[in-house]
Amino acid sequence: MSTVALNKMIEKLELKNLVPEVDTDGIMISSPDINRPSLQLAGYFEHFASERVQIIGYVEYTYLKSLDRDVKVRNYERFMSSEIPCVIYASRTEPDEDMLEMARKYKKPILASARMTTSLMAEVIRWLGVELAPTISIHGVLVDVYGEGILIMGESGIGKSEAALELIKRGHRLITDDVVEIHKVSDDTLVGTSPEITRHFIELRGIGIIDVKTLYGVESVKETQGIDLVIKLEEWDKDKEYDRLGLNEEYVEFLGNKVMCHSIPIRPGRNLAVIVESAAVNHRQKKMGYNAAQELYRRVQESIERNKR
């Protein structure tokens with residue numbers, strides 16, 4: 001089962017630790033979902049999803065203020081003694097002293113966010129959905145070209161990194177070189193990220209390692225990107241038939257999700273960066289409903305019909 005460190009979520013979502021004496025090191029989150037513990041704070045603990053991040057919003061906050069202290073403390077104790085990873089107070093609300101005391105007693109982190117409850121819930125679910133999604137690592141390069149996530153694959157030494165560097169010089173952004181971590185966020189969405197140890201680095205044979213962020217600036221890199229198109233680079237084979245029209249669509253599968261794929265033969269003199277840019281723009285056109293290959297086919301068919309008359 002995938003897990004993510006609570007400290008990482010605190011850092012990424014800029015959460016404030018209201019009980020600093022409670023150590024958050026080693027606390028792991030295993031569920032991508034969240035729970036608003038309204039019923040638990042009212043005393044109902046059947047079917048309690050205690051493994052989830054617990055978020056208390058303004059509604060729960062005002063309800064707690066209306067409870068008798070004895071009832072409130074009893075519910076706090078049952079709530080905080082369960083196996084919850086943490087509690088987050090949203091909408092600038094804060095826990096009362098009884099809640100803080102229970103947090104210290106059971107060593108449960110209480111965090112706070114200035115965000116509105118709905119906004120915070122959406123962000124936590126989105127972030128955990130990516131971090132805890134099924135993941136594989138593959139050999140390739142991932143770049144953001146005109147907003148399209150282009151995954152460049154091919155044999156080692158074929159020119160993937162060189163193509164990525166040229167794209168960066170042309171104003172596009174690098175997500176990762178050499179190793180791409182692919183997260184299945186949903187049945188329709190794959191997100192690519194870089195291993196932290198190699199983030200922003202590119203390896204160029206004959207030169208070595210270069211730091212893209214340092215050389216080309218922060219606008220040349222990006223941490224995550226959805227994968228929209230795969231480009232496979234391969235050595236030119238004169239005996240192989242390559243697609244010249246684009247009417248037949250090819251796909252590659254990752255974690256059960258299919259992504260459109262183009263196989264590009266490599267020959268001296270071919271400008272890979274321009275080819276990748278063209279593929280990205282063409283893919284965007286297809287998503288917007290225009291297919292150049294189908295348009296050409298339609299024109300040819302119309303011309304044939306006119307010549308028959």
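Start at the hairpin of β12 and β13. Three residues lie between its strands, and Gly206 there has a positive phi near 95 degrees. Keep in mind throughout that this is a predicted model.

**The hairpin strands**

Select β12 and then β13, residues 208-211. The two strands pair in the antiparallel sense, over four bridges. Now pick Phe201. Across from Phe201, in β13, stands Asp211.

**The main nonpolar core**

Stay with β12, because this strand is one of the elements that give two or more residues to the core described next. The largest nonpolar core has 28 residues. Show Val143, Ile150, Ile152, Ile202, Ile231 and Leu233: these have the most contacts inside the core. Then colour the elements that each supply two or more residues: β8 (135-145), β9 (148-154), α7 (160-169), β12 (201-204), β15 (229-235), β17 (257-266) and α9 (272-287).

What is in contact with Ile150, once neighbours within four places in sequence are left aside? Select Val141, Leu142, Val143 and Val145, then Leu229 and Ile231, then Val276 and Ala280. Apart from this core lies another, of 21 residues. Among its members are Leu13, Ile88, Met121 and Leu128. As background, nonpolar side chains in soluble globular proteins tend to be buried together.

**Helix α7 and what follows**

Select α7. Is this helix mostly covered or mostly open? The helix is mostly covered, with seven of its 10 residues buried. The buried ones are Lys160, Ser161, Ala163, Ala164, Leu165, Leu167 and Ile168. Step past the end of the helix to Gly171. Gly171 follows α7 and has a positive phi, near 100 degrees.

Next, select Arg170 with Glu277. Their side chains form a salt bridge, 2.9 Å from N to O. Arg170 sits in the loop between α7 and β10 (173-184) and Glu277 in helix α9, so this pair ties together parts 107 residues apart in sequence. The two partners differ in cover. Glu277 has a relative accessible area of 9%, so this residue is buried. Arg170 is partly exposed, because its relative accessibility is 39%.

**More salt bridges**

The count for the model comes to 22 salt bridges. Side chains of opposite charge can pair when their charged atoms come close.

Move along α9 to Lys287. Lys287 forms a salt bridge with Asp228, and the closest N and O atoms are 3.9 Å apart. This pair links distant parts of the chain: Lys287 is in helix α9, Asp228 is in the loop between β14 and β15, and 59 residues separate them. Asp228 is partly exposed, at 22% relative accessible area.

Now select Lys12 and Glu223. Their side chains meet in a salt bridge of 3.6 Å, N to O. Which parts of the chain does this pair tie together? Lys12 lies in helix α1 (residues 6-12) and Glu223 in the loop between α8 (212-216) and β14 (224-226), so parts 211 residues apart in sequence are joined. Glu223 is partly exposed at 38% relative accessible area. Lys12 is partly exposed too, with 38%.

For a network, select Glu21, Glu97, Glu101 and Arg104. Salt bridges link these four residues.

**The open sheet**

Select β2, β7, β6, β5 and β4. In that order they make an open sheet of five strands, with mixed pairing. β2 (16-17) and β4 (34-35) stand at the edges, and each has a single partner strand, so one side of each lacks a neighbour in the sheet. Strands of a sheet pair through backbone hydrogen bonds, either parallel or antiparallel.

Zoom in on β4 and β5 (residues 53-56). These strands run parallel and are joined by two bridges. Ile34 stands opposite Val53 in β5.

**Surface stops**

Go to helix α10, residues 292-308, and find Val300 there. Add Leu296 and Ile304. With Val300 they make a nonpolar surface patch of about 230 Å². Val300 counts as partly exposed, because its relative accessibility is 38%.

Finish at Lys240, in the loop between β15 and β16 (250-254). Lys240 counts as partly exposed, at 39% relative accessibility. Draw a distance from Lys240 to Ile84. Their C-alpha atoms are separated by 59 Å, and the two residues are 156 residues apart along the chain.

Note on methods
Residues are numbered from 1 along each chain as its sequence is written. This is a predicted model: local features need pLDDT of at least 70, side-chain atom pairs count only at pLDDT 80 or more; totals for chains, interfaces and linings use all residues. Side-chain values use heavy atoms; hydrogens and water are left out. Two strands pair if DSSP finds at least two bridges between them. A nonpolar core is a set of buried Ala, Val, Leu, Ile, Met, Phe, Trp, Tyr and Cys residues joined through side-chain atoms within 4.5 Å. Buried means under 20% relative accessible area, exposed over 50%, partly exposed in between (1.4 Å probe, protein chains only). Contact means heavy atoms within 4.5 Å. Patches are made of residues with over 30% relative accessible area and no salt bridge: like charges are joined within 9 Å, nonpolar side chains (Val, Leu, Ile, Met, Phe, Trp, Tyr) within 5 Å. Accessible areas come from the Shrake-Rupley method with a 1.4 Å probe; for residues, only the protein chains shown count as cover.
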